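I opened this model to go through its sheets, one helix and one pocket. My entries follow in the order I looked things up.

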Amino acid sequence: MCGIAGYVGRRELEQGRIESTLGIMRRRGPDHADHRHFVRPDGQHVHLLHTRLRILDLDERSNQPFHVGSKWIVFNGEIYNYIEVKAALAKAGRSFRTTSDTEVLGAALDEWGPDRALDRAEGMWAFAAYDERDGSLVLSRDRFGEKPLYFLRDDSGFYFASEVKFLVSMQGKKLEPDLDHLKRYLVNGYKALYKKPYAFFRGIEELPAASYLELGKKPVRYWNPTYVEDESMSREDAVAGTRERLIRSVELRLRADVPLAFCMSGGVDSNSLISIAKRVLKYDVHGFTIASADERYEESDLVSHAVEALGIRHTSIPTQTGDFLPKLRTLIRQHDAPVYTITYYAHWLLMQSIAEHGYRISVSGTAADELFSGYYDHFLMYLAANRDPAALAAWTEHVKPVVRNPFLSNPELFVKDPAFRDHIFLDATGFAEYLTEPWSEPFAETDYTPRLLRNRMLNELFAEAVPVILHEDDLNAMYHSIENRSPFLDRDLFEWTCRIPTRHLMRDGYAKVILRDAMRGIVPAPILDSRRKVGFNAPVFDFLDPRDPDTRAQLLDESPIFEHIKRDKIETLIDKAFLPNSQSKFLFYFLCAKLFLEEFGQ
């Protein structure tokens, strides 16, 4: 895992600006920093910057920018199947001087070109590859968008980088916040942030996932996910295929020359990965857990059971409320954006503990809900497609009593109105009333398939929930110089789940039954049999006490945010003794938007 940045244009970047940018990039790569300068045949300058976090082949021979043939590459990420790709390249006559995946990626691009090379690669990446022969520059991101790659264009040329702050450093100009996007975040929440190519600063673009860009041309998609159910697939085959592919995905993602740590909860997702690593692959697992003081999110009993049953090392990190506001300001500076949910403040503390224990890699359970069905609206969409009295009875007994969203207590919701989505932008109309000027944006989603539940899951995977998680995971981990890996985001596993018939996804009031059944005999039974869906979450009042005079003053003091938000409405909100989940989220959004404008809007 590393930091990359670069520029193509008519000016040569000053050495002081290059050194300053490399210095800012060191959190992403503390082990080595370097830069290469080229002049294209057309006279334009090319700069490639890289900072390295050593994960594979720790020798300096694998430092970047890395040279293969006529190509120079700066690469952030991992090609997990680099051993298999290297073997294929060796058969084609290629030789290698390192044991790194960077050299394999460079050789694959040189041998096969981007389409074939990227189709063969399983991993996460953002890279730039410059060819000295013809002056071409190719940039790419992985299939699911795990690794970020931002662009900025101005009259002097084209800038790219892993983080927005690197673009600012190279360009030498402050960026203007995009207030429309800030209002989108405030009113509609985090699930609205990636539906279109929006950004929190004007002029910032992001290369789409699963694509590559040759400078001067339009992006090209090298992978287009398809969803086609195989109605002939039995439940037994679905389970066996899932088990095989998930084990293989974890096996690939354990490849490293440094030890890995695991993010751990009491749920099926993280414990599937941990149990496979420990019981199947015999890895010495160390799990890390945030312990919430709120009973809605507390699951220490299940965590403790898993730790004992699996015989793994474990570290529990208590919720830390001290210095919340200054720490949150620091995190917003790191993200170059508001923090999307309070979950990722807690996650940042988790990454800190993992780093303090000497780890360079964390493993997380991102995307299991989106692959196997895990949200409360999924149950109702399943009921709408499967008019089964037994399924309705199981939902009524086991799920309805724990649903907090008022819309999702009606089992006929999607039978009567398949297009209903007000539960996603919950209370958006009320939150818009906090703004000093009218703002609204209706919910919209992409049509991947006419099947209601599967279309919702794919929207969450590619446009709503998972892009948010990946953005926050990357920045939180890299603040502490940690690489984050997500084994559920595996091409083979994803394509397999797209073939599983919807009728297999739930049973007896349980979601994710294919995953649960696939992990039977691997994951401790009490984890698989638990009906609790806790999530990695915490209410804002766990961290913030508005009754404290100093805290209250900081919330209401002079700030650019009050040009856009009514101060009296916030004052009324923080006077409440208890906030329901949607209002707790909004207060956090307000706080982050306030700090964001104070940091970047002056």
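**Entry 1: strand β3 and its partners**

I started with β1 and β3, which run antiparallel and are joined by 8 bridges. I count two strands as paired if DSSP finds at least two bridges between them. Strands (E, at least two residues) and helices (H or I, at least four) are DSSP runs, numbered from the N terminus. The model is predicted: local features need pLDDT of at least 70, side-chain atom pairs count only at pLDDT 80 or more, and totals for chains, interfaces and linings use all residues. Residues are numbered from 1 along each chain as its sequence is written, and side-chain values use heavy atoms, leaving out hydrogens and water.

I looked up one bridge here: V8 has V46 in β3 as its partner. I then checked β2, which is also joined to β3 by 8 bridges and runs antiparallel to it. There, D34 has H50 of β3 as its bridge partner. β2 and β3 form a hairpin with 5 residues between them. G43 in that turn has a positive phi of about 90 degrees.

Is β3 mostly covered or open? I found 8 of its 8 residues buried, where buried means under 20% relative accessible area, exposed over 50% and partly exposed in between (1.4 Å probe, protein chains only). In a regular strand the side chains alternate between the two faces of the sheet. On one side of β3 I list H45, H47, L49 and T51, and on the other V46, L48, H50 and R52.

**Entry 2: the sheet of 6 strands**

I read the strand order of this open sheet as β2-β3-β1-β9-β8-β10, with antiparallel pairing. Its edge strands are β2 (32-39) and β10 (204-206), each pairing on one side only. Neighbouring strands are turned by 15 degrees against each other on average, direction ignored. Axes are lines fitted to C-alpha atoms, for helices over the stretch in contact, and angles run from 0 to 180 degrees between N-to-C directions.

At the β10 edge, 3 bridges join it to β8 (150-154). F151 stands opposite E205 there.

Which helices pack on the sheet? Helix α1 (15-24) touches β2 and β3, at about 30 degrees to the direction of β3. Helix α4 (164-171) touches β1, β3, β8, β9 and β10, at about 145 degrees to the direction of β9. Contact means heavy atoms within 4.5 Å.

**Entry 3: the sheet of 5 strands**

I read this open sheet as β15-β14-β13-β16-β17, with parallel pairing. β15 (313-318) and β17 (483-485) are its edge strands. The average turn between neighbouring strands is 30 degrees, direction ignored. 3 bridges join β16 (361-363) to β17. S362 has N484 in β17 as its bridge partner.

**Entry 4: helix α12**

I found 7 of the 10 residues of α12 (376-385) buried. They are D377, H378, F379, L380, M381, Y382 and L383. Their cover includes α11, α13, α14 and α16.

**Entry 5: the second largest pocket**

What lines the second largest pocket? Its lining divides into 28 nonpolar, 5 polar and 11 charged residues. α16 gives the most, with 7 residues.

Key: Ala, Val, Leu, Ile, Met, Phe, Trp, Tyr, Cys and Pro count as nonpolar, Asp, Glu, Lys and Arg as charged, and the others, Gly among them, as polar.
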